[in-house]
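This report describes selected features of one protein chain. Please consult the sequence and the structure shown below while reading.

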Amino acid sequence: AAEADMREARENLRARAGTVIYPSVDGSLSAARRKSSGASSGLPDEFSSTFSLFNASVGVSYVLDVFGGGRRELEALQAQVDYQRFLLEGAHLTLASNIVTAAIREASLRAQIRANEEIVAAEIKQLEMVERQSALGGAAQSDVLAQQAQLAQTKAALPLLERELAQTRNLLAALSGRFPGDAELPEFLLEEFHLPHELPVSLPSSLVRQRPDIRASEELLHAAGANVGVATANLFPQITLTANLGSSSLRLEDLFGPGTSFWGIGGGLVQPLFRGGELMAKRRAAIAAYDQSLALYRETVLQAFQNVADVLHALETDARALRAQADAEATARDSLDLTEKQFHYGAASYLTLLNAQRQHQRALIILVQAQTVRFADTAALFQALGGGWWQKPMNPSTRERAEGTGGQPGDINAG
């Protein structure tokens, strides 16, 4: 849809450019059968006549763009093309971000399901041991019931995770333009994802300016400024040059014959004298539209900086939370290793070993969730910075426009 909108805007620009830059040339061919009345000439009716008239001509007209109204109109249309182009970039960026986030979510759910399945297996063994102890009188029935409740609670979490996994797979299919049943998607694992080696530690305005929403808002501001120029040019005279050349005869075979040609050259000037304040009101309206676009542009820039700042702060807290949870998982793993050694030498019971395994798996689940948040927020940072467009050289037209604004490319007041 975004690509079609961009093509539409581009063709509208080409259509209007054809009438502003070049003259209009039209050819006409007509044939008519007529009857003249003698009464119109003061003659009796018998002097009326019936005849055919054939006419062929070529007409040329050109509106001189003396006051720049046509050029500013083309400038506004070009800004609309660029606006649609940045919307297309934004659509690609949003699609890519959604796919990455969904893939991370799928990998996280798979890891959580594996960890929960291992917890269920450990709790089943633990329940079997408590039941044997209860049968031998070494444990109360309440211990058996408590273990059964714990196992049921852990099992209840699995269907919810599996449902979320299926929904995430369906989302990935839809984002890739496929039906859920026909999609052949790979299975994503959390171990396959890696954080980038470098992330921007500062936030120069030139990075945020590469966001498609800022660039699109900038083009709307550009178009609004050009429309002010169009409304201003409409206050001044409109000069039109015309010329025509053709042939007219009473018989088709005599068309273009000797004595049948005609031509004409002319010029016209139209100066608005009184329109009831229409033109001045339209110019004030165009200025108001420009002020609105400027305010929306500033709002877009401020929201973009807020968005990036929020993501950077989130990444900072994510890193601390991930380190803390990694330490907790490492501690649980060390405790499990120690318990396994103690159990091997008879210093710990099998029940203690099962508890250590369950605690480690629960710590692993929380670690997976922390990793997922860090991956998702990192993807959000790339989206907030425009998806990596700051690493691409700007095309010449974009660079000239950025440098011609009277300020730095990232200056909120530029242009």
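In this predicted model, R14 and A15 are exposed on one side of helix α1. The other side of the helix presents its buried residues, which are A2, M6, A9, L13, A17 and V20. When α1 is viewed down its axis, these buried residues fall within an arc of 75 degrees, so they line one face of the helix. They pack against β2 and α2. Helix α1 covers residues 2–21, and its 20 residues reach 28 Å from the first C-alpha to the last, close to the 28 Å expected at 1.5 Å a residue.

A second feature lies on the surface. L64, V66, F67, F236 and L241 form a nonpolar patch there, and together they have about 410 Å² of accessible area. One of these residues, V66, is located in the loop that runs between β2 (49–64) and α2 (69–135).

How buried or exposed is R374? R374 belongs to helix α7, residues 350–384, and R374 counts as buried because its relative accessible area of 17% is under the 20% limit. The table sets R374 beside V66.

| Residue | Relative accessibility | Class |
|---|---|---|
| V66 | 47% | partly exposed |
| R374 | 17% | buried |

Apart from neighbours within four places in sequence, R374 is in contact with L195, L315, D318, A319 and L322. Among these, D318 is 56 residues from R374 in sequence, while the two are 5.6 Å apart in space, C-alpha to C-alpha.

Methods
Residues numbered from 1 in each chain as written. Predicted model: local features only at pLDDT ≥ 70, side-chain atom pairs only at ≥ 80, totals over all residues. Heavy atoms only, no water. Patch = residues over 30% accessible without salt bridge, like charges linked within 9 Å, V, L, I, M, F, W, Y side chains within 5 Å. Areas by Shrake-Rupley, 256 points an atom, 1.4 Å probe, with all protein chains shown as cover. Salt bridge = Lys/Arg side-chain N within 4 Å of Asp/Glu carboxyl O. Helix = DSSP H or I, 4+ residues; strand = E, 2+ residues; numbered from the N terminus. Buried < 20%, exposed > 50% of the residue type's maximum accessible area, 1.4 Å probe, protein only. Expected span 1.5 Å × (residues − 1). Arc of directions from axis to C-beta. Contact = heavy atoms within 4.5 Å.
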